[in-house]
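Work through the following exercises with the sequence and the model side by side, and try each task before reading its solution.

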Amino acid sequence: MDKINPNFQKLAPSYLFSEIAHRMGTYQEANPTAKLIKMGIGDVTRPLPPACIRAMHEAVDELANVRTMKGYGPEAGYLFLRQAISDADYKARGVDIAPSEIFVSDGAKSDTANFSDLFGSGIKLGITNPVYPVYVDANAMGGHAGDPDGRGNWSGITYLPTNASNGFVPELPKAHLDIIYLCFPNNPTGTTLKKARLKEWVDYALREKALIFFDSAYERFITEDDVPHSIYEIEGAKECAIEFRSFSKTAGFTGVRCGYTVVPHDVKSNGVELNALWSRRQTTKFNGASYISQKGAAAIYTPEGHEEAMALIKYYLENARTIREAMARAGYECFGGVNAPYVWIKTPADFPKSWDFFQYLMEEKNVISTPGVGFGSEGEGYIRLSAFNTHELTKEAMNRILR
C-alpha cells in the first residue's frame, strides 16, 4: 500500500536554494580554484551584535548552574522577550499588541509554512508572483495548492502579478479569496507598499472576511517614512492580519534561529479565534525556541543591542546601494535595494532566461545570484542579488560583472 503523501510528489524535485547549492557544488568541484562570491541566498555574513553574544554567554552560564538551570520553557516564548517585543516593536509605534498575541519561534520560515495547518481543504489562496517559494511549497504539501500546471503555477492558487508593469504593487483580487500572502519589504524584488496602498488590502480583507498573512521579516531595513513597519499600523488590520517577523536579518540570527508571529485575539475565521488555534498547534508540535536564542534576541531591545543591530542593517544597505548603483550605471534595469537587502535586476536581452544568466554569472564571473524564475513565472527574465556580504566582496562582485 502506498502511504506516501501524494502532495509531496507533485513538488519539483528540489527546493530553489537547494538547486542553487547543487549547481554551485558541481561547478566548484570541476573548478576547484574558482573563487565564487555568493550573492544568491540571503544569508548574513557579519558577526552577531556584541550585546547578543554577551546575553547568550550569560544564558549558557545559567544553564551550567543548578540554581539557574532552565528546562522546557513556555511554547509561546519567555515573557521577558514577548514583553520586549510588545513594547519596542509595537507600542512604541502606537500599536497595541499584547504579549499574549506574540508567539516566539525558531524563525519566520517555519511559521509562514506552518500557519496553513489551521485550515481545511477548499481554501482560496492568493499569492503574489514572484514570491518567497516557501508559501507555495508549504501549501502544496498540505494539499491546498491543487495541481501543478508544468509551467510553475498551481491550479488552486490565484496569482497576483507583482512586476514592473504595475510598479511591483499587486492589484486587488477581483474575486473572493480566503487567505492572501503579502511580503513587504518584498522578497525577492526588494520593493514595498506605501501605507495608503496597504490600507486598500486591509479594507479588501475586512470586506471579504479574508485573512492576510503579512511577512515583514525585512521590516528593519525600511528607510522611507511612508512605508509601514507593521501591517497593524493600518486601521482594521488587527481583525484580519497575521504578522510574521524574524531576527535572522535584523540581527544576523540565521544560524541562531529566532523569530516571532503575531496573532491578535481579534482575528477570527468562521467565528473561531486563530490565536487559540495557533496556541493549540504550537503546544502540540513545538517545544519553543531555545532559552539561549531568546536571551540573545531580548538583547536586541537594549539600547546597546539596538544600536549594534542597526549598524548591521546600515552595513548591508550600503552593499545594496553599491549593487544598485553599479548595475544601473552599466545599463541594467534595477529595482529594490532601498528598503530591503535585495536588488532585483532585469537580465540582458541576450539572456532572457533567468537560469541562463545565473549560469553565465557563475561560470564567467564567478558570482552566484538567484534566478528570478525560481520565485515564480513573473520572475522569469530577472535575477536577485543579495547584499549580505562584505563591502569588499560586494565591490569585487560588481567589478567582475561589469568588466
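**Exercise 1. A helix pair**

Task: Determine how the axes of helix 2 and helix 9 lie relative to each other, and which residues make the contact.

Solution: Bear in mind throughout that the model is predicted. Begin by locating the two helices, helix 2 at residues 50–63 and helix 9 at residues 291–299, whose axes come within 8 Å and cross at roughly 145°. Next, look at the sense of the crossing, which is right-handed where helix 2 passes helix 9. Then list the residues in contact: helix 2 contributes Ala 51, Cys 52, Ala 55, Met 56, Glu 58, Ala 59, Val 60, Glu 62 and Leu 63, while helix 9 contributes Tyr 291, Ile 292, Lys 295, Gly 296 and Ala 299. Finally, sort these residues of helix 2 and helix 9 by class, which gives 10 nonpolar, one polar and three charged residues.

**Exercise 2. A sheet of four strands and its helices**

Task: Describe the open sheet that four strands form, and find the helices that pack on it.

Solution: First read the order of the strands, 11-12-15-14, with antiparallel pairing. The edges are taken by strand 11 (334–336) and strand 14 (370–371), each of which pairs on one side only. Now follow strand 14 to strand 15 (residues 382–386), to which it is joined by two bridges in an antiparallel run, and note that Pro 371 stands opposite Ile 383 in strand 15. Then turn to helix 10 (residues 303–329), which packs on the sheet by touching strand 11, strand 12 (342–346) and strand 15, and whose direction makes about 15° with that of strand 12. Helix 11 (residues 354–365) packs on the sheet as well, touching strand 14 and strand 15, and its direction makes about 45° with that of strand 15.

**Exercise 3. A sheet of seven strands**

Task: Explain why one side of strand 2 and of strand 4 is left without a neighbour in the sheet.

Solution: Start from the order of this open sheet, 2-8-7-6-5-3-4, in which seven strands are joined by mixed pairing. Strand 2 (102–105) and strand 4 (157–161) stand at the edges with a single partner strand each, and therefore one side of each has no neighbour in the sheet. From one strand to the next, the twist averages 20°. At one end of the order, strand 3 (residues 125–129) pairs with strand 4 in the parallel sense over five bridges, and within this pair Leu 125 has Ile 157 of strand 4 as its bridge partner.

**Exercise 4. One glycine in a loop**

Task: Decide whether Gly 236 is buried or exposed.

Solution: Find Gly 236 in the loop between strand 6 (211–215) and strand 7 (241–246). Its relative accessibility is 18%, and because buried means under 20%, Gly 236 counts as buried. Beyond its neighbours within four places in sequence, Gly 236 is in contact with Val 202 and Leu 206. As a last step, compare sequence with space: Gly 236 and Ser 248 are 12 residues apart along the chain, and their C-alpha atoms are separated by 28 Å.

**Exercise 5. The whole chain**

Task: Judge how compact the chain is for its length.

Solution: Count the elements first, which are 12 helices and 15 strands. The radius of gyration is 21 Å, close to the 22 Å that the globule rule gives for 403 residues, so the chain is as compact as a globular protein of that length. Along its principal axes, the C-alpha trace spans about 55 × 55 × 50 Å. To complete the picture, 53% of the 403 residues count as buried, and of the contacts between residues at least 6 apart in sequence, 73% join residues at least 24 apart.

Note on methods
Residues numbered from 1 in each chain as written. Predicted model: local features only at pLDDT ≥ 70, side-chain atom pairs only at ≥ 80, totals over all residues. Heavy atoms only, no water. Buried < 20%, exposed > 50% of the residue type's maximum accessible area, 1.4 Å probe, protein only. Contact = heavy atoms within 4.5 Å. Pairing = 2+ DSSP bridges. Axes fitted to C-alpha atoms, helices over the stretch in contact; angles between N-to-C directions. Left-handed = near helix turned anticlockwise from the far one by under 90°. Nonpolar A, V, L, I, M, F, W, Y, C, P; charged D, E, K, R; others polar. Rg over C-alpha atoms; globule rule 2.2 N^0.38 Å.
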